[in-house]
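Colleague: I am new to reading protein models, and I would like to learn how to look at one step by step. Could you take me through it slowly?

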Amino acid sequence: MNQRHPHRPAPRPPAGTPAAAELAGMARTGLAGAVRVARWADAALGPGREGATTDGKATLSDATAERAATDLGLIAAQVRADWDTARLAGLVEVHGDSARPGWRLRAWDRDDSAVLRGWVALFDAWSLACPEPEGQEPAAVAEVVSAMPQVLSFLQLSAGPVPVAQLLDLLQQRVTELRTKRCEVPYEPGTEQSAGSPGATNEVTAPDTPLAPLLDWALRALASVGALTYGDGQATLTALGNWAVWVKLEQICVAAQSPAGNIEQSAEDMLRGCAHLRPNAARAEYRAWLAARPVGSAVGELIGAARGDDALLRGLAFEALRVVGAPAEPDVRAVVDESVLRPYALLWLAEHDGADPEDAHEVLTREEATWLWVDTAAAVADHGEAPMLVRHLEAAVQPTVPQLLDEVRAVGHPRTVQVLVALAAAHPDPALAKAVRRAAFQVHTGG
């Protein structure tokens with residue numbers, strides 16, 4: 001039967017939480033500078049124009065930053081800051097030395113869910129938004145980042161200003177818990193640990209490491225992305241921050257519900273409308289949509305949607321092309337050499353030629369399979385729930401997480417940083433989350 005699958009009612013947000021449209025308006029205001037720079041880049045750095053970067057690290061060249069500053073009436077430092085925010089929020093993507101707008105920028109003025117997901121992506125990447133204090137041990141920084149969700153949850157439950165001293169006490173307790181789970185042996189300040197004692201590695205943070213500077217850094221970074229206000233010795237979640245913490249706790253998504261009347265929609269809108277249907281119901285929608293238009297133009301529309309920046313639509317477009325079958329083969333073969341579509345096209349062709357769907361992945365090279373893993377993870381991060389992203393680890397061809405991270409960094413997918421940040425935020429294993437977060441930071445900084 002062609003019907004929507006039942007699902008549990010979405011939990012209601014806490015009393016007093018603004019409506020989604022109002023929250024999106026707050027996010028648009030907070031990210032206005034990033035959107036302005038992203039749109040400038042779209043107009044000034046498009047195909048055939050001057051590249052955005054010169055170092056391959058996704059940072060603006062000096063000349064480009066000065067040019068943007070002149071055009072926008074800003075100083076170069078502000079342009080760089082807004083550019084960095086735009087990348088973390090998925091408003092702009094950098095491919096080598098060129099930039100292009102992310103799908104969220106295209107939907108910015110009309111899609112509140114895209115705006116909110118962009119802001120949540122920035123919220124997840126708060127530790128990359130501000131430089132950490134100099135001279136701090138990397139292990140201590142990682143511990144504080146791992147502990148901050150509990151601090152944010154406490155702020156959310158408090159529903160008002162909380163003294164920083166109270167937050168520091170909570171942070172110290174949480175860091176102690178993290179060390180206990182790693183079986184580190186505490187010792188008194190000023191004493192020594194033997195080289196063979198538990199915890200005597202470069203990754204261990206001395207228990208007397210002062211956490212106040214790191215808490216100050218974390219609160220300032222979260223304030224910079226608009227998650228909280230910080231001053232006068234206290235911190236308070238903003239409406240956006242309160243909502244985002246609740247979203248994380250409830251593990252829900254803010255994607256728009258499937259619209260009605262998919263047959264009348266464009267390929268992109270039809271695919272979005274089918275995103276939350278059961279597979280059989282979605283295939284029925286694809287058949288009805290295809291029946292209403294010439295097969296040639298329909299296939300062209302689907303491939304055009306697949307070329308966009310939304311990874312979810314890319315996967316759904318090729319599912320719809322499977323429904324088309326043989327008439328789509330020439331068009332699918334024609335896009336095999338397009339890097340963004342190649343893994344999807346190779347899988348489609350293998351299945352079309354009779355390969356078992358479970359074995360079709362064998363036609364992909366290791367690099368192509370890794371690229372596809374990142375692209376699929378981007379779709380899950382944008383439109384799915386946290387547990388789905390954690391389970392997606394099992395789909396990787398690499399036998400270990402360190403090997404996966406090395407190959408993910410090497411494959412150069414434009415959404416790598418956002419995927420790794422989202423995975424680190426979702427994964428319940430603190431050690432694995434720390435490794436993933438470190439990899440995200442290395443990709444973000446070009447390290």
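Modeller: We will go through the core, a few single residues, some strands and a pocket, bearing in mind that this is a predicted model.

Colleague: Let us begin inside, then: which residues have the most contacts inside the largest nonpolar core?

Modeller: The largest nonpolar core has 140 residues, and those with the most contacts inside it are Met-148, Leu-271, Leu-302, Leu-321 and Trp-373. If we take Leu-271 as an example and leave out residues up to four places away in sequence, Leu-271 touches Tyr-286, Leu-302, Ala-305, Leu-313, Leu-316, Ala-317 and Ala-320.

Colleague: How should I read a charged residue such as Arg-314, and is Arg-314 buried or exposed?

Modeller: The word depends on a cut-off, since buried means under 20% relative accessible area. Arg-314 counts as buried because its relative accessibility is 4%. Arg-314 lies in helix α15, which covers residues 311–324, and, not counting residues up to four places away in sequence, its contacts are Ala-306, Arg-307, Gly-308, Val-340, Leu-341, Tyr-344, Trp-371 and Asp-375.

Colleague: Where is Cys-130 found, and which residues does Cys-130 touch?

Modeller: Cys-130 is found in the loop between α7 (126–129) and α8 (138–158), and with a relative accessibility of 16% Cys-130 counts as buried. Beyond residues up to four places away in sequence, Cys-130 touches Trp-217, Arg-220, Ala-221 and Ser-224. The chain also brings together parts that are separated in sequence: Cys-130 and Leu-222 are 92 residues apart along the chain, while their C-alpha atoms are separated by 8.8 Å.

Colleague: Now the strands, please: which side chains of β5 point to one face, and which to the other?

Modeller: In strand β5, residues 234–237, the side chains alternate, with Ala-235 and Leu-237 buried on one face, whereas Gln-234 and Thr-236 point to the other and are not buried.

Colleague: How many bridges join β5 to strand β3, and how many join β5 to strand β4?

Modeller: Strand β3 (residues 162–163) runs antiparallel to β5 and is joined to it by two bridges, with Val-162 having Ala-235 as its bridge partner. Strand β4 (residues 228–231) is also antiparallel to β5, and here there are four bridges, with Leu-228 standing opposite Leu-237. Between β4 and β5, which form a hairpin, there are two residues.

Colleague: Which residues have a positive phi although they are not glycine?

Modeller: Two cases to look at are Ala-159, with a positive phi of about 55°, and Asp-232, whose phi is near 55°. Ala-159 is in the loop between α8 and β3, and Asp-232 is in the turn of the hairpin formed by β4 and β5. Ala-159 counts as exposed because its relative accessibility is 70%, and Asp-232 is exposed too, with a relative accessible area of 83%.

Colleague: Last of all, how does one find a pocket, and what is the volume of the second largest pocket?

Modeller: The general idea is that rolling a probe the size of a water molecule over the atoms shows where empty space is left. Here the second largest pocket has a volume of about 1200 Å³, and of the 48 residues that line it, the closest to its centre are Asp-124, Lys-248, Ala-424, Ala-425 and Ala-426. Helix α8 gives the most to this lining, with seven residues, and the lining as a whole divides into 30 nonpolar, eight polar and 10 charged residues.

Technical notes: Residues are numbered from 1 along each chain as its sequence is written. This is a predicted model: local features need pLDDT of at least 70, side-chain atom pairs count only at pLDDT 80 or more; totals for chains, interfaces and linings use all residues. Side-chain values use heavy atoms; hydrogens and water are left out. A nonpolar core is a set of buried Ala, Val, Leu, Ile, Met, Phe, Trp, Tyr and Cys residues joined through side-chain atoms within 4.5 Å. Buried means under 20% relative accessible area, exposed over 50%, partly exposed in between (1.4 Å probe, protein chains only). Contact means heavy atoms within 4.5 Å. Two strands pair if DSSP finds at least two bridges between them. On a 1 Å grid over the protein atoms alone, a cavity is a set of points where a 1.4 Å probe fits but cannot get out, and a pocket is an open set with protein on both sides within 12 Å along at least five of seven lines; lining residues have an atom within 4 Å of a point. Grid points are joined across faces, edges and corners, and a volume is the space filled by probe spheres set on the points. Ala, Val, Leu, Ile, Met, Phe, Trp, Tyr, Cys and Pro count as nonpolar, Asp, Glu, Lys and Arg as charged, and the others, Gly among them, as polar.
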